[in-house]
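Student: I should like to work through a structure by question and answer. May we begin once it is displayed?

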Amino acid sequence: NMLDLVMLDRKQVKLKKTKINFSDLVIERINNCRDIYMESSEIEFEMDIEHNISIEIDPNYMRQVIDNLIINAIKHSKESPVRIKVKRSKQEVSFAVSNIGDKIPERELYDIFTSFKMTSRTEKKSESRGVGLTLCKAAIEAHGGIILAENHNNGTRFRFTLPL
């Protein structure tokens, strides 16, 4: 993550974009994260994924982004479901993942994508290094997209858009 982040921040990485089925990629990553991170968890997934969304992206960076966001949602969920939504419009593709759990303090939402910045809900735990979300932001912006975090209902939602 650190090397990728430095390279993306310095704009020294040339994205290796290929046209892929983004819907299938998201489903693959959900299944992978579920297999690895949910052995002892009872968290269920609720998916609303539009089928056959083709988009030109760097699949390696996009895998990292999707994995980071799903893993964060799992780790910070207090109950089911983790909701994942993927939709296409005429100009963009949107991805959103939300959970039910502790909200991010409003004053921390602005800085959450800053390197080595952790929210008060994670800084006491040694599991976080504060680079995963920064990498997500750098990768999404390198693709010409936008990412944001927001408190939503009884938890947090991360969403990003990518231009078609």
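Student: Which residue forms a salt bridge with lysine 87?

Tutor: The model before us is predicted. In it, lysine 87 belongs to strand 4 (residues 79-88), and its partner belongs to strand 2 (residues 45-49), 39 residues apart, so that the pair links distant parts of the chain. The closest N and O atoms are 2.9 Å apart, within the 4 Å cut-off for a salt bridge. The partner of lysine 87 is aspartate 48.

Student: Is lysine 87 buried, partly exposed or exposed?

Tutor: Buried means under 20% relative accessible area and exposed means over 50%, with partly exposed in between. Aspartate 48, at 34%, is partly exposed. Lysine 87 has a relative accessibility of 28%, and therefore counts as partly exposed.

Student: How many salt bridges does a search of the whole structure find?

Tutor: One of them pairs lysine 87 with aspartate 48. Another joins glutamate 28 to arginine 29, with the closest N and O atoms 2.9 Å apart. The search of the whole structure finds a total of 11.

Student: In the salt bridge of glutamate 150 and arginine 159, which side chain belongs to a buried residue?

Tutor: The two side chains meet at 2.7 Å, N to O. Arginine 159 has a relative accessibility of 34% and is therefore partly exposed. The other partner has a relative accessible area of 18%, under the 20% limit, so the buried residue is glutamate 150.

Student: Which residues do salt bridges with shared partners join into one network?

Tutor: The pair of glutamate 28 and arginine 29 is a useful starting point. Glutamate 28 is partly exposed at 38%, whereas arginine 29 is buried at 11%. Through shared partners, salt bridges join these residues with two others, and the network consists of Glu28, Arg29, Arg63 and Asp67.

Student: Which helix gives the largest share of the largest nonpolar core?

Tutor: This core has 41 residues, of which Phe22, Met62, Leu69, Phe95 and Phe160 touch the most other members. The largest share amounts to nine residues. These come from residues 59-75, that is, from helix 3.

Student: Which residues is phenylalanine 22 in contact with, leaving aside its neighbours within four places in sequence?

Tutor: Phenylalanine 22 is among the core residues that touch the most other members. Its contacts away from those neighbours include Met62, Phe95 and Phe160, which are also named among those core residues. The full set is Ile53, Ile55, Ile57, Met62, Ile66, Val86, Val93, Phe95, Phe160 and Leu162.

Student: Which residues lie closest to the centre of the second largest pocket?

Tutor: The space in this pocket is about 310 Å³. Its lining receives at least two residues from each of strand 2, strand 4, strand 5 (92-100), strand 6 (146-152) and strand 7 (155-163). The lining has 20 residues, and those closest to the centre are Lys85, Phe95, Ala96, Arg157 and Arg159.

Student: How many residues of the lining of the second largest pocket are charged?

Tutor: The lining divides into three classes. Nine of its residues are nonpolar and four are polar. The charged residues of the lining number seven.

Student: Which peptide bond is cis, with omega near -5°?

Tutor: Most peptide bonds are trans, so a cis bond deserves notice. The bond in question leads to proline 81, a residue placed in strand 4. It is the bond from serine 80 to proline 81.

Student: What is the phi of asparagine 153?

Tutor: Most residues other than glycine have a negative phi. Asparagine 52, in the loop between strand 2 and strand 3 (54-57), has a positive phi of about 55°. Asparagine 153 lies in the loop between strand 6 and strand 7, and is exposed at 57% relative accessibility. Its phi is also positive, at about 50°.

Student: Why is helix 5 described as largely enclosed by the rest of the structure?

Tutor: Helix 5 spans residues 132-142 and has 11 residues. Its buried residues include Leu133, Cys136 and Ile140. It is largely enclosed because the number of its residues that are buried is eight.

Key:
Residues numbered from 1 in each chain as written. Predicted model: local features only at pLDDT ≥ 70, side-chain atom pairs only at ≥ 80, totals over all residues. Heavy atoms only, no water. Buried < 20%, exposed > 50% of the residue type's maximum accessible area, 1.4 Å probe, protein only. Helix = DSSP H or I, 4+ residues; strand = E, 2+ residues; numbered from the N terminus. Core = buried A, V, L, I, M, F, W, Y, C linked by side-chain atoms within 4.5 Å. Contact = heavy atoms within 4.5 Å. 1 Å grid on protein atoms, 1.4 Å probe; cavity = no way out; pocket = protein on both sides within 12 Å on 5 of 7 lines; lining within 4 Å. Points joined across faces, edges and corners; volume = space filled by probe spheres on them. Nonpolar A, V, L, I, M, F, W, Y, C, P; charged D, E, K, R; others polar.
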